[in-house]
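Notebook open, coffee poured. I want to see what holds these chains together, and I'll jot things down as I look them up.

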Amino acid sequence: MKPTTRQRLFRGVLYLIFVIALVAVVMVADWDAIQTNFLDLDVVTEAFPAIILTAAKNTIVYTLIAFVGGLILGLILALMKLSPVAPYRWVSTIYIETFRGLPAILVIFGFAFAVPIAFSWNPPGGSTGAGLLGLIMVSAAYIAETIRAGIQAVPKGQVEAARSLGMRPSWTLFSVVLPQAFRIITPPLTNELVIIIKDTSLLFVAGMALLDRDLTTFARDLSSQTANSTPLILAALMYLIITLPLTQLVAKLERHNQRGR
Amino acid sequence: MTEPRANTAMSSIPAIQVNQLHKSFGDNEVLTGIDFHVDQGEVVCVIGPSGSGKSTLLRCVNRLEEPTKGTIVVEGVDITDKETDLDRVRTRIGMVFQQFNLFPHLNVLDNLTLAQRRAKKRSKKEAREVAMKNLTKVGLEHKADAFPAQLSGGQQQRVAIARALSMDPDMMLFDEPTSALDPELVGDVLEVMKQLALEGMTMMVVTHEMGFAREVGDRVVFMDGGVVVEQGKPEDVLGNPQHERTISFLSKVL
C-alpha cells in the first residue's frame, strides 16, 4: 500500500468513527425533553429584553471597569516590579503572588463583606462595587505580569536610542517603551479580557440587587423561576456574542500593528 | 581634509575630553585608563579588534555606560558630575547605533520629531521642518511616511542619522554604523557621513571601514586591550604603524 493511500484510508476511518458517534448521540438524545427544557420559546420571550438591556449590559460594564482598573493597577505593579528600588519590587512581588494564588471568587467575597466592615466604608455601587474592587485586584495581578513581560521584550536599544536623544526616563517609557510593549502583549491581554468577561459571573457572591445582575446571575434566577433551563442557553449565547467580535477585533488590530514591527 | 573648519571661536575647548577613564563590567576591566580627546570640528575614527573597548569608550561619552573611574568633559561640561543635567547634554551629542534602533511603532517623520518635541520643546511645525530638512540631507525625504520595517538597513541607518541630526547636535557619535549592513548598502551610509564631515561636524566614529578612516578621518585612534595604543594622522597610523599590535591588527584587516 502506498503511503498516501494508507493516509487517506486512516483519515476515512477517523471521519467514519466521528459520524457514527454523532449519529449515536443524536439518536440517544431525548429531543422532546431537550426542546421543553432548553429551547422553550415562552421562556425566551420572557427573558427578552431584560437579558440584553440589563444583564448583558451589566456584564459589559463590569468587564470594562475590572479591565481598565486592572490595567491601571497592573501597569503600576509592573513598573514597581521592574524598579531599581528594592522595596517597590518586594511589595509588587508579594501582591502579585498573593492575588494570583487566591481563587477570584474568594477575593470577591472577601472584598464584598470584609472591606465594608473592616474600614467602615461603603464602596460606590454597594456590595457589587465592593466585589468589583476584588475582581480588579485579581485581574491586576495577572495583567501586571503580562505587562512586565511586554516591557522586558522591548529591546534595550530602544531605551538607549531615546535616552541618547535627550528624552527623560518618563518620556522614554510612555512614548517609546509602553507603545511597543502593548503591541507585543495584545494577544495575552485579550486573553485576560476574555477571562474577566467570564469572571464577572463570580460577582454574584457579593449579593446583587435585581438591576445589578450580570448575565449568569440573571439566567440562573430566571431559570429557577421558570423551572426551565432555556435562560442558561440564552446566557451562553450572549457570552459568545460578546466575546467573538472582540477576539475578531483584536486579530484585526494585530494585523494593523504588524506594519510597525 | 586638513583645512581649518568652522567654530574657530570655540575651538580652544575640546569637544570631548576623556581623562583616565576606567570601566569595568564586574571583574572584567574593559577600559584601563583612557586619555582621549576630540577637538571641535575634528573627525576621529577609533579602530581596533573586537573587545578592545572602543564601543564602550564611545558609549561612555554620552553616559550610556556609567564610567567606573575618571572624568569625561563634553564642551567644558563634566558629564561624570552628578549635578550635570545629562538629558540636556545628550541633546547636543548625536548618537548612531550599529542596530539603527529606530522606533518601530512610529513612521519615519515621527521618529525624527518625537525627541525634538519632547526634549527641545519645538512646535509640531518647526519639528517637522527640521525633520524634512534632515531627511532631504540623507536623501530620504520621500520616505517620511514609511515605517522602519519597510526600509532597507541602509535606509534605516540614514534615517537614524537624520534623527540624531534633527536635535541640532554639536557632535555625532557613530558606533559601528555600517557593521550590520549588507555590503552593497554600506556606501550610501558612508557617503552621508562623509558629507557631514565636510560640513564641519565634530565626529567620533568607531568603525571597521579603514577606507573611510583613511579618506575622511582627521585622526585615527587604535585601541587594544582597553588602552589607546597608537594615534595620529590616518596616513601615518594606517600606512606606517609604529606599534606591534597595530601592525598585527592592520595586517589582518587591510
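I started with B:Arg122, which counts as buried at 10% relative accessibility (buried is under 20% relative accessible area, exposed over 50%, partly exposed in between, with a 1.4 Å probe and protein chains only). Its partner B:Asp168 is partly exposed, with a relative accessible area of 36%. The two side chains meet in a salt bridge at 2.5 Å, N to O (a side-chain nitrogen of Lys or Arg within 4 Å of a carboxyl oxygen of Asp or Glu). B:Arg122 sits in the loop between α3 and α4 (124-137) of chain B and B:Asp168 in the loop between α5 and β7 (171-175) of chain B, so the pair ties together parts 46 residues apart in sequence. Helices here are DSSP runs of H or I with at least four residues, strands are runs of E with at least two, and both are numbered from the N terminus.

Housekeeping before I go on. This is a predicted model, where local features need pLDDT of at least 70 and side-chain atom pairs count only at pLDDT 80 or more, while totals for chains, interfaces and linings use all residues. Residues are numbered from 1 along each chain as its sequence is written, chains are lettered from A and ligands numbered from 1 in the order in which they are written, and side-chain values use heavy atoms, with hydrogens and water left out.

**The interface**

How many residues of chain B are in contact with chain A? I get 25 from chain B, against 22 of chain A, with contact meaning heavy atoms within 4.5 Å. The buried area between them is about 2100 Å², and carbon and sulfur atoms give 58% of that (the accessible area, 1.4 Å probe, that two parts lose on being put together, summed over both). B:Asp87, B:His105 and B:Arg118 supply 27% of what chain B buries against chain A, more than any other three residues.

I count four salt bridges between chain B and chain A; over all chains the count is 24.

**Bridges across the chains**

B:Asp87 shows up again, so to speak, in pairs. A:Arg163 forms a salt bridge with B:Asp87, closest N and O atoms 3.0 Å apart. A:Arg168 also forms one with B:Asp87, at 2.9 Å between the closest N and O atoms. That second pair crosses from helix α2 of chain B to the loop between α8 and α9 of chain A. B:Asp87 counts as buried at 8% relative accessibility, whereas A:Arg168 is partly exposed at 33%.

I also looked up A:Glu160 and B:Arg59, whose side chains meet in a salt bridge (2.6 Å, N to O). A:Glu160 lies in helix α8 of chain A and B:Arg59 in helix α1 of chain B, so this pair joins two chains. A:Glu160 is buried, with a relative accessible area of 11%, and B:Arg59 counts as buried at 11% relative accessibility.

**Helix α8 of chain A**

Why is this helix largely enclosed by the rest of the structure? Seven of its nine residues (156-164) are buried, so that is how it ends up enclosed. Among the buried ones I noted A:Gly157, A:Glu160 and A:Arg163. The buried residues of α8(A) pack against α9 (169-184) of chain A, together with α1 (54-61), α2, β6 and α5 of chain B. After α8(A) comes A:Gly166, with a positive phi near 90 degrees.

Last entry: A:Lys81, A:Glu97, A:Arg100, A:Glu145 and A:Arg148 are linked in a network of salt bridges.
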